[in-house]
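Grab a pencil and work through these short exercises on charge pairs and cysteines. Each one comes with a worked solution.

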Amino acid sequence: EAFHALLTAMMHTEDELQIPFLNQYEAFPQDKKLHLLWSIYTYPGVAEEPRSLALILLRRLLSSSWVQIVSVWRYDNLTQFCNALIIAAHTEPSDIVREKLAELMGEVARRRIDVNTGAQKWTEMTQFLQFCASSDYTPLKQTALSIIADVPNVFGNATRSCVPGLKAFFERCLHDQTVRSAALKAYVSFLIECDHDFETIESLGTLTPTAIEVCVLMATTEGVDDIPLQCISSLADSLPSVLQPHLSAVISLCSQIIHNTEKEESHRHSAMDLLTFLFENAHEDPLQERWNNIV
């Protein structure tokens, strides 16, 4: 209860009022913090905000002190914690909290990749992602896509063997209105991660037209945010060859958004960034001419 009250006080909107409570939090030993934070997340009846904050702080703690924490944990404790994360992902009812849980799971998965062999030692995570990929339950698909977007090398040295299943998963989700934004982010992130694997790029590259269609649809009709444009910009910057066969569609999209003065400034700026990346990586004069016509 005292730690719960401390977390609640840390959520105060005025920075100067947070400082004494943040100092109290920092004074806790790291291993004790971990158990207390997880307890806040799992304790029945705790509100959404403290539970989300507990997961955020857990992720930060593991990110900054993974080696120190794991060194004092027994292997059984680490395994138990990882299993608890997967169970929580299946049962978490809140979309907001589940997003933070996915970020925490991604951090653990990142840390459990063997630096020497490249193997993902958290094998249950791979199994979990494969289960999510075959599920029709939207929260599970969303969780898996979020983890892949955040940690595209989550499969470690088994990545190539997972490509056929992931391709089917991405394709299905890009056509699913409930998760297509998350699917676009995950697809682009994974594709860029595999930028030196020609075979994987060639295989997944066939989904690029679908990804562009999703971007066009979301950017021109929904326009909630500019994340779809940012995703395609990342491709243009990191893997321009994937977009080369589809330049006409991408340039037309950018032109439409840039000339639409009713669009949010952030959208128009992202469209200009996308055009800039295309121009910088262009190898043909026709693209220069299209650019001149737009600007």
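**Exercise 1.** Work out how R59 and E107 meet, and which parts of the chain the pair links.

*Solution.* Start with the side chains: R59 and E107 meet in a salt bridge at 3.7 Å, N to O (a side-chain nitrogen of Lys or Arg within 4 Å of a carboxyl oxygen of Asp or Glu). Next, place them: R59 sits in helix α4 (residues 48–72) and E107 in helix α6 (residues 95–111), 48 residues apart, so distant parts of the chain get linked. Helices here are DSSP runs of H or I, at least four residues, numbered from the N terminus. Finally, both R59 and E107 are buried (under 20% relative accessible area; exposed is over 50%, partly exposed in between, with a 1.4 Å probe and protein chains only).

A word on the model: it is predicted, with local features needing pLDDT of at least 70 and side-chain atom pairs pLDDT 80 or more, while totals for chains, interfaces and linings use all residues. Residues are numbered from 1 along each chain as its sequence is written, and side-chain values use heavy atoms, leaving out hydrogens and water.

**Exercise 2.** Find how far apart R268 and E265 are along helix α16.

*Solution.* The closest N and O atoms of this salt bridge are 3.9 Å apart. Both residues belong to helix α16 (residues 265–280), and being three residues apart puts about one helical turn between them. R268 is partly exposed at 22%, whereas E265 is exposed at 56%.

**Exercise 3.** Explain why C231 has no disulfide with C215.

*Solution.* A disulfide needs two cysteine sulfur atoms within 2.5 Å. The sulfur of C231 is 7.7 Å from its closest cysteine sulfur, in C215, so that is too far for a bond. The whole structure has zero disulfides.

How values were computed: Helices (H or I, at least four residues) and strands (E, at least two) are DSSP runs, numbered from the N terminus.
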